[in-house]
Amino acid sequence: MRRNSALLAVIALGLAFCSGRAPVKVSVEIPGSAAIPRDTIQTLLLAGFYQEKPAQDFDVDAALVRYLLDEFKPKIKGTVEAAPVSWPGPQALSDKEFWKKIGAGRKATFLTGKAEFVQETRKALLDSGARDFDGPFKPRDPWTVRKFFSLQIEVVLIDARTGEPVFRRNFQETLNAENIKQTAEFAVFDLMGRIKIKLLRSLFGSERPLDRYLLIK
Amino acid sequence: MRRPRHGLPFFILLAALAGFAVGQMSYYPYYGKNKINYERFPWKTYATDHFTVYFYAEDTRLLQYVVDTAESAYKSVSTELKHQLTEPVPLIFYTTFTDFEQSNIFPVSEGVLGVSEPILFRIGIHGDMPINEFQDTMTHELAHIFQFDLLWGSQGGALTAVSQPPGWTFEGLSEYATGRWSSWSTLILRDTVLNDRIPEFDESGDLVTRYPLPRDPAYDFGHAIYEFIVDRYGPNAIRDFWQILKSSGSFLARRDPLIRAFHQTPREFGQEFKKYLRARFKDFFARENPEDYSVPLGPEFPINPYYFAFSQALSPSGEMVATITYNALDNEMNVVLLSSKDGRILKTITKRYTSDYEYIKYEIDPSLGPSLAWSPDGDRIAFFARDGRRHSLFIVSPLTGETMKKIALALDQPTGLCFLPDGRTLLFTAFEKGIHDIFALDLETGAARNLTNDEAFEKAPAISPDGKILVYSVRAGQDDKLVLSPLTDLKTRTVLSTGPGSAVCPSFSRDGRTLFYAGDARGTYNIYSLSLETGEVRRHTDVRTGNFFPTALPGGPNDILFSSFNKGSFQLFKGQAAGAVETTIAIPAGERDKPLEKFKPALTFELHKDKIEERKGLGKLYVTARPPVDAIISTDGSIYGGSAIGFSDVLANHQFSVLAYQVREFRSYGFTYANLSGRLQYAINAFQYAIYYYPDLYYYEPSLWSRATYNDAMAVRKITGVTLALFYPLDRYMRLEGGLGFYSYEEDFNDPYSMSSLGYQGGYGFINGTMLMASLSLTGETTRFKPYGPATGSTFRLSVSQSLPVAQNFLSNTTLEADARKYFYLGSDFLFALRFQGALCAGRDKLLSYYGGNNQVRSAYFYSIVATEYWFADAEFRFPLIGLAQTLIGTIGPIRGVVFFDITRSKYGDFPARFYRYDPALSTADSTVYVSGDAFGSFGAGFEMFLFGLPLHFEWVKRLEWTSIAKPFSFSRIGSYGLKFWIGFDF
Amino acid sequence: MSNKSTGALVAAALAALLVAAPSCSRAPDQIRFGVWASQNNLWDEAIFRWRKALQADPGSAAAHNNLGVAYEKKGLFEDALREYEAALKIESGNTFVKSNYQNCKENIQAADKDDEKKKAPHEKK
């Protein structure tokens, strides 16, 4: 062992000398590909989302429009307005004439689509192993109750002059809330927070951090 | 916290109650001052949808206020943050501020309106404030609870938090959640922006400022930052930002939250924020600076060391002004006299570092009226100061500074002083059981009479020169309105200010025909005057920030003395401001019981009195603190490490702690239960301690000296026992402590085999046995501390312990102990420190004491002096060397120098009271020579520096010896100076 | 192994190190400077340096790879792919370049999928 230690020391030295050549990992903000350059949008009209089964206790469509209004207003130089429509049926989404008529020749883009919101209360028995003793400390409930929320939306951008769709994409997010007092309104807000990141990335090509390696040698 | 502290810090009694739990003390080895629980509150609870309210007030109207404001706050914060809390929030309501100070949960000092804590999500709040401010405080604190929940997920989650976002993220959001800007916050913000002193972001995203600010920028600038975020990025951006803060809390977080949320570095974000603020206040840039028409008087930090002028009182001649100011050199508030002619500070009339009172009361909010008054005869200046549970009125002589009179008050938060023209009565405002009224204090009898006795919030009374008319402000909705009443009938009111905004700080001209006041109709507080004869309203200034407390000066009709908020502080100014007529009003006739607008919370609930429950017993227990970890190194190189964990009930009246620490291989454990609910407090402690020390071998076997090593000579004392400790605070500074304890002692050498192999035959006199002991002690501490340690005052502890002769085999002894220290502050952080400490143990089974090393007797090894009777005395001259220094290893400091002297004498059992020292110079191979003497000590010098919060000492020590203590000036210097290093706080 | 031969081996290794060390630690200055510039978010400067490195040494896989990363940062994905492919031609076994190339393609393909989804469902083949 003593004989080889000198050699080992030399090898270690060599490694130390050459360690400055190791690749450098960096996190780089890389843009996505923009579906629509945001500078080209003069007017964005939020027409609402068609729902096959609207929720009884909460207006999902109004919440989505309100959320998207707050999101797009600071991000687009043009104007952003709510422009609710009366849906004749789900087929209206693909009906060019329907949108041309509502658009009335304006140089604008409709943001619309379909939405489906689900909320459920789910219960499960916790496998806690040894039972907790009753004592002066706060007792734990063996049952766990969660509120489950799911939001699925199809976002479609339609040129108001031609009625043609220029962007279409589906998004879905779910949320399991430990807090059973979580309301539908707040859950939609949380779910839209996640959907918004992906929507804006695919719509405007917003940057996101990705890892890359830079070589030194 | 709602507002930052501006009182003196104080130490939590629990530190002393936990006995050996040294990790809890801010400075060791001090005894701490007392937090007195003057009364035991009969707690009740009331459950609402989102709160469990703990209260004790009999008047259910107060509970109604609390419930309405709490649920209104919950609705607004929940809607703003789109979040629901899982569990009801424990909301603990104290009727008055002085009751709030008795809380065992929160460290409360003057100026604190409410507190929230992240472990159990408790909110503490008191009722000594107007109802709209109470609503804002409730919203502010509740917003913190939502922040804790968003960040750490649940009650107790903060215990395992690795890091915490910058303060502005918390305080700013809480201020933003109120939806309002107080006039004080607006003042700070506007002044800072217009004087180009906006705080900046450092690399870590924290707000830093190069200039003094009256309070932490986290509050007001944090508030503005959130408004900027909403303005720039939309209302959803706040929630998105907090999601990112939550995921940034671990070491694995890759990027700064500002970059992740807004794609800007802190620097870029800060620059955009500055532009936003300048644009927001651009209309004010063209307005006046008070120096455009007046000259500053008195406090002008850093030109002189006085910072802030909290209200003023003019002498009858008009040439002198008294003001309350902060002396930055002494770190103390004083009343000073200054010249109104040239602004020179003439003298300080209050005593420095007095223990006559704890601190002078002053108000940041000018609308509450002046904090001091000068009597019409010119011979008395009155102010309030904290004196025990509440405040007392102090009347001092401006001529001599002597306290002429002290009148204790049974009222809370007194302020707004005003002498009546006869000088025998003083008007002021205060809270009585949660209601704020105007009182008249008879200075002869000390009796206080409530003049208004209504639910309105009256402030700042001002009396006309003829003593017939009183003008004051009354809170109406969100504003303050000026009201005039005859002094003899305060139910009849004439509302003088009917326009928009507030009118505060009224004062009369010398002829009584004109009323001066400060009004914010133009968005800032300017000086106005109202002619009581013609109704003409004149605006005298158009200032950028805010002018207050206008006082007419003798001389021209436009000569005024006033206070202005300028460059981060209130300053006094004197000037001429003719102004221009704004309008003319018709002063209406007085109306009896004229109603004024009342603030109403957004939600109101019906109170179900049958749901009020008495609180009994402990309730559930909770872990309440993350265990601290402490480390100390002694002069013999031993390392102490330890930790503790605590539990308590929701009100923290019953506290449990478990302590464990280790020195070398010796472990100690302790369990404590403390009951802090009343004035008499007690603690039960069960423990096992193992302590090591080095017996002085001269006392039993000098021949072993040359053969035993340092480790051989180590002895260990193990004590197992149970104690009951009682604490009764006599006042803030002194307390009685009593105890009854059962102890089992085991003592021996750490390695008895090693000692016997060296030829030791035994008989050293270790204590082994059982003892039942009663003790009584008197402890007092008036010492005031600065960041580096004690600065002024005194500390003492006298105790007597008697072991009870329960059985023959129980240990029997009596111990007397004394510890006395005195500090003479010389100014500018120079001071003399003296200490005397001694103990005497008599009886059949004398207990050993061990001391030496560190700053006790520096020329002795750590804990190497063992005695049954001893005393030692230290004298140190401490002085500053370097404030703070930037070095390669970071910022160190302060660095302080010390010149020291100490002396000790001790006695072991029946042996003579002498020490023995092996003298190598006199010894030979055949004979070992020992030198003996009555006493020995040390002399030398060194320095102390702080690194990572630990005080490190480097000292050069020379040993001194006295052959006879009867000749104190005849001593020998032994050997050369030796370098010693130790870590620990100064005595 | 005898003491003498161990000693000789050590001496030889040390000598080799002494000779190789300067070139070991003297990685192309332009490339190293470019990496430092990119770490300070100065990507145009980095591109400038790496292009200079290529002028001095057209066979530098590091310069090609790093330019690929820079072009990705600027959204010039075609140019980025071209640079990664050039780097892989020089050092086909370099796992770091392969990783960059693969990730770049995935990023572009995610965008292409969006383009696919722009078409109405019945228009998809």
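Student: What makes up the secondary structure of chain C, and which pattern does chain C follow along the sequence?

Tutor: In this predicted model, the secondary structure of chain C comes to six helices and zero strands, so that the pattern read along the sequence is α-α-α-α-α-α. Of its 125 residues, 29% are buried, and residues 24 or more positions apart account for 39% of the contacts in chain C with a separation of 6 or more.

Student: What pattern does chain A follow?

Tutor: Chain A has four helices and seven strands, arranged along the sequence as α-β-β-α-β-α-β-β-β-α-β. In chain A, 27% of the 217 residues count as buried, and among contacts between residues at least 6 apart in sequence, 76% join residues at least 24 apart.

Student: Why is helix 7 of chain B called roughly perpendicular to helix 10 of chain B?

Tutor: The axes of helix 7 and helix 10 (residues 266-280) of chain B come within 10 Å and cross at roughly 95°. Angles of 65 to 115 degrees count as roughly perpendicular, and the crossing angle therefore makes helix 7 of chain B roughly perpendicular to helix 10 of chain B.

Student: Which residues of helix 7 of chain B meet helix 10 of chain B, and what is their character?

Tutor: Ala224(B), Ile225(B), Phe228(B) and Asp231(B) in helix 7 of chain B meet Phe273(B), Tyr276(B) and Leu277(B) in helix 10 of chain B. The residues of this contact divide into six nonpolar, no polar and one charged.

Student: Where does helix 7 of chain B appear in the side of chain B that touches chain A?

Tutor: In that interface, 16 residues of chain B are in contact with 16 residues of chain A. Helix 7 (217-233) and helix 8 (237-247) of chain B each supply at least two residues of the side of chain B that touches chain A, and helix 8 of chain B gives the most, with three residues. That side of chain B divides into four nonpolar, six polar and six charged residues.

Student: How do you know which strands stand at the edges of the sheet in the order 17-18-19-20 of chain B?

Tutor: Four strands of chain B form this open sheet, with antiparallel pairing. Strand 17 (412-419) and strand 20 (448-450) of chain B each have a single partner strand, so one side of each is left without a neighbour in the sheet, and these two stand at the edges. Neighbouring strands of the sheet are turned by 30° against each other on average, direction ignored.

Student: What makes strand 19 and strand 20 of chain B a pair?

Tutor: Pairing requires at least two bridges, and three bridges join strand 19 (residues 435-442) of chain B to strand 20 of chain B, so the criterion is met. The two strands run antiparallel, and Leu441(B) stands opposite Ala448(B) in strand 20 of chain B.

Student: Which residues have the most contacts inside the largest nonpolar core?

Tutor: The largest nonpolar core has 158 residues, and those with the most contacts inside it are Leu372(B) and Phe383(B). Helix 4 (residues 131-152) of chain B gives the most to this core, with nine residues. Leaving aside its neighbours within four places in sequence, Phe383(B) is in contact with Ile324(B), Val335(B), Ile360(B), Ser371(B), Leu372(B) and Phe394(B). Apart from the largest core lies another, of 39 residues, among them Leu45(A), Leu64(A), Ala160(A) and Val188(A).

How values were computed
Residues are numbered from 1 along each chain as its sequence is written. Chains are lettered from A and ligands numbered from 1 in the order in which they are written. This is a predicted model: local features need pLDDT of at least 70, side-chain atom pairs count only at pLDDT 80 or more; totals for chains, interfaces and linings use all residues. A residue is buried if 20 or more other C-beta atoms lie within 10 Å of its own, exposed if 12 or fewer, and partly exposed in between; C-beta atoms are placed from the backbone. Two residues are in contact if their C-beta atoms, placed from the backbone, lie within 7 Å. Ala, Val, Leu, Ile, Met, Phe, Trp, Tyr, Cys and Pro count as nonpolar, Asp, Glu, Lys and Arg as charged, and the others, Gly among them, as polar. Axes are lines fitted to C-alpha atoms, for helices over the stretch in contact, and angles run from 0 to 180 degrees between N-to-C directions. Angles under 35 degrees count as roughly parallel, over 145 as roughly antiparallel, 65 to 115 as roughly perpendicular and the rest as oblique. A nonpolar core is a set of buried Ala, Val, Leu, Ile, Met, Phe, Trp, Tyr and Cys residues joined through C-beta atoms within 7 Å.
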